[in-house]
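Me: I'm new to this structure and would like a close look at one part of it. Could you take me through it slowly and explain the terms as you go?

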Amino acid sequence: MAQDYRILISEGKIEAALSVLDDLIKLSPDDDRLLFERGKLRWRIGDRAGATGDYAKASMINPESPAAKALEQARDIADFFNPDLYNP
């Protein structure tokens, strides 16, 4: 079952992959890799808040997780604001 979500992603079935990851995370809530994978998918579909939350949880579980870098980048993007881009 753990590999199922990767197959679904490769087939472009993102919502189905998210559902599988949700189930896997319910079974293993302390698996930082699963949280990171779900965060990447959430980011991909535009759920920035959900992705950031998953990256934060994964980073708390494992500070060496790639989620820590993803969290830093997500926060940098969220903090970026240039009023000239919106009000020329």
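What do the buried residues of α4 pack against?

Reply: Happy to help. This is a predicted model, in which local features need pLDDT of at least 70 and side-chain atom pairs count only at pLDDT 80 or more, while totals for chains, interfaces and linings use all residues. Residues are numbered from 1 along each chain as its sequence is written, and side-chain values use heavy atoms, leaving out hydrogens and water.

The buried residues of α4 pack against α3 and α5. Buried here means under 20% relative accessible area, with exposed being over 50% and partly exposed in between, using a 1.4 Å probe and protein chains only. In α4 the buried residues are G50, A51, D54, Y55, A56, A58 and S59. Helices are DSSP runs of H or I with at least four residues, strands are runs of E with at least two, and both are numbered from the N terminus.

The length of α4 can be checked too. The expected span of a helix is 1.5 Å times one less than its number of residues. The 14 residues of α4 should therefore span 20 Å, and its end C-alpha atoms are indeed 20 Å apart.

Now follow α4 across to α3. The structure holds 1 aromatic pair, formed by F36 and Y55, with ring centres 5.9 Å apart and 45 degrees between the planes, which counts as tilted. For such a pair, the rings of Phe, Tyr and Trp (its six-membered ring) must have centres within 6.5 Å; planes under 30 degrees apart are stacked, over 60 edge-to-face, and the rest tilted. F36 lies in helix α3 and Y55 in helix α4, so the pair ties together parts that are 19 residues apart in sequence. Both F36 and Y55 are buried.

Two arginines of α3 also meet residues of α4. R42 lies in helix α3, and its side chain reaches the backbone oxygen of G50 at 3.3 Å. Not counting residues up to four places away in sequence, R42 touches L18, D22, D47, G50, A51 and D54, where contact means heavy atoms within 4.5 Å. R38, likewise in helix α3, is buried, with a relative accessible area of 8%. Leaving aside neighbours within four places in sequence, R38 is in contact with L18, L21, D22, I25 and D54.

Some of those partners lead towards α2, where I14 has its place. I14 counts as buried because its relative accessibility is 13%. I14 and R42 are 28 residues apart in sequence, yet 9.0 Å apart in space, C-alpha to C-alpha. Beyond its neighbours within four places, I14 is in contact with I9, L41, R44 and I45.

Finally, the wider setting. A nonpolar core is a set of buried Ala, Val, Leu, Ile, Met, Phe, Trp, Tyr and Cys residues joined through side-chain atoms within 4.5 Å. The largest one here has 22 residues, and Y55 is among those with the most contacts inside it, alongside Y5, I9, A17, L34 and L41. The elements giving two or more residues to this core are α1 (4-10), α2 (14-27), α3 (32-44), α4 (48-61) and α5 (66-79), and α2 gives the most, with 7 residues. The chain has 6 helices and 0 strands, and buried residues make up 36% of its 88 residues.

Conventions:
A polar contact is a pair of N or O atoms within 3.5 Å; within protein, one must be able to donate a hydrogen and the other to accept it, and residues adjacent in sequence count only if both atoms are side-chain atoms.
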